[in-house]
Amino acid sequence: GLAWIVGSSIDVFLISYLNDVLGKGTEDLYLITTFSLGGIIIGSFLAPKLYETMNKKIGFYVPSFLFGFVILGYALKLPLMILLLLLMTGGIAQGVFLTFLNSYLQEVTSQSYYARVASFYTLLMKGASLPGLFLIGLLIDTTRVITAGYFIGFYMIALGVFSILMLQQVGNEGEVED
């Protein structure tokens, strides 16, 4: 949920970057959406095979690291073509994460709790964007787009570290298995 607050509302950062740093208008929004959507599609195609062959925990924390590094690339003002390829990588990470999360929830949730878990999941996926939009917008407004990029990037990397620590404990309890 903490990662999805950023993941679902990162468009505010990307549009601000497009306008403020690259000096491009909203007519160039295709630069962001094409590469991001392409990455999500690739990630969604790769995820089922990865889900079957790798440790499930990796699919939960690696996307946070990748997404953090992608946003740090924007904060470092890398060349546009590199940023677009990074954005595609972030899209792949997002596609893998969402597929892993959906698959995992379907796999481990008992039928008697499935409706409640699905309702909470839907609330989280749809509701996280509002606080995310507010927080990222406030961060951009009170600092700058570049500074916000550093905050977002390091936040996502910190969530990746936190996830590793939490998932190690869950794995030790036998709740997350391959």
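The protein has a mean pLDDT of 85, with 94% of its residues at 70 or more. The model is predicted. This briefing covers confidence, enclosed and open space, nonpolar cores and three single residues.

**Confidence**

- Among the elements, α1 has the lowest confidence, at a mean of 79, and α2 the highest, at 90.
- The pLDDT falls below 50 over residues 171-178. Beyond near neighbours in sequence, the stretch 171-178 makes 13 contacts in the model.

**Largest cavity**

- Rolling a probe the size of a water molecule over the atoms reveals where empty space remains.
- Two cavities of 30 Å³ or more turn up in a search of the whole structure.
- The volume of the largest cavity is about 130 Å³.
- Its lining consists of Ala-3, Trp-4, Gly-7, Pro-63, Ser-64, Phe-67, Gly-90, Ala-93, Gln-94, Phe-97 and Met-156.
- Helices α1 (2-7), α4 (56-75) and α5 (80-108) are the elements that each give two or more residues to the lining of the largest cavity.
- Helix α5 has the largest share of the lining of the largest cavity, with four residues.
- By class, the lining of the largest cavity holds seven nonpolar residues, four polar residues and no charged ones.

**Second largest cavity**

- The second largest cavity encloses a volume of about 50 Å³.
- The residues that line the second largest cavity are Leu-14, Tyr-17, Leu-18, Leu-22, Leu-31, Ile-32, Tyr-74, Leu-80 and Leu-84.
- At least two lining residues of the second largest cavity come from each of α2 (10-21), α3 (30-53) and α5.
- Helix α2 contributes the most to the lining of the second largest cavity, with three residues.
- The lining of the second largest cavity has nine nonpolar residues, with no polar and no charged residues.

**Second largest pocket**

- The second largest pocket contains about 180 Å³ of space.
- Ile-5, Val-6, Gly-132, Leu-135, Ile-136, Leu-139, Phe-151, Ile-152 and Tyr-155 form the lining of the second largest pocket.
- Two or more residues of the lining of the second largest pocket come from each of α1, α7 (129-142) and α8 (145-172).
- Helix α7 supplies the largest share of the lining of the second largest pocket, four residues.
- The lining of the second largest pocket divides into eight nonpolar residues, one polar residue and no charged residues.

**Nonpolar cores**

- In soluble globular proteins, nonpolar side chains tend to be buried together.
- The largest nonpolar core comprises 25 residues. Within this core, Ile-10, Phe-13, Tyr-74 and Ile-152 have the most contacts.
- Helices α1, α2, α3, α4, α5, α7 and α8 each give two or more residues to the largest nonpolar core.
- The largest share of the largest nonpolar core comes from α8, with six residues.
- Setting aside neighbours within four places in sequence, Ile-10 contacts Phe-67, Ile-71, Ile-136 and Ile-152.
- Another core, of 17 residues, lies apart from the largest one. Phe-65, Leu-72, Phe-97 and Ile-157 are among the residues of this other core.
- Some residues appear under two topics: Tyr-74 has a place in the lining of the second largest cavity and is one of the residues with the most contacts in the largest nonpolar core.
- Likewise, Ile-152 lines the second largest pocket and is one of the residues with the most contacts in the largest nonpolar core.
- Phe-97 lines the largest cavity and belongs to the core of 17 residues.

**Single residues**

- Lys-56 is part of helix α4. With a relative accessible area of 5%, Lys-56 falls under the 20% cut-off, so Lys-56 counts as buried.
- Lys-56 and Leu-101 are 45 residues apart along the chain, and their C-alpha atoms are separated by 9.2 Å.
- Lys-77 is found in the loop between α4 and α5. Although Lys-77 is not a glycine, its phi is positive, at about 55 degrees.
- Leu-130 belongs to helix α7. Its relative accessibility is 61%, over the 50% cut-off, so Leu-130 counts as exposed.
- The C-alpha atoms of Leu-130 and Ile-5 are 8.0 Å from each other, with 125 residues separating the pair along the chain.

Key: Residues numbered from 1 in each chain as written. Predicted model: local features only at pLDDT ≥ 70, side-chain atom pairs only at ≥ 80, totals over all residues. Heavy atoms only, no water. 1 Å grid on protein atoms, 1.4 Å probe; cavity = no way out; pocket = protein on both sides within 12 Å on 5 of 7 lines; lining within 4 Å. Points joined across faces, edges and corners; volume = space filled by probe spheres on them. Nonpolar A, V, L, I, M, F, W, Y, C, P; charged D, E, K, R; others polar. Core = buried A, V, L, I, M, F, W, Y, C linked by side-chain atoms within 4.5 Å. Buried < 20%, exposed > 50% of the residue type's maximum accessible area, 1.4 Å probe, protein only. Contact = heavy atoms within 4.5 Å. pLDDT = per-residue confidence, 0-100.
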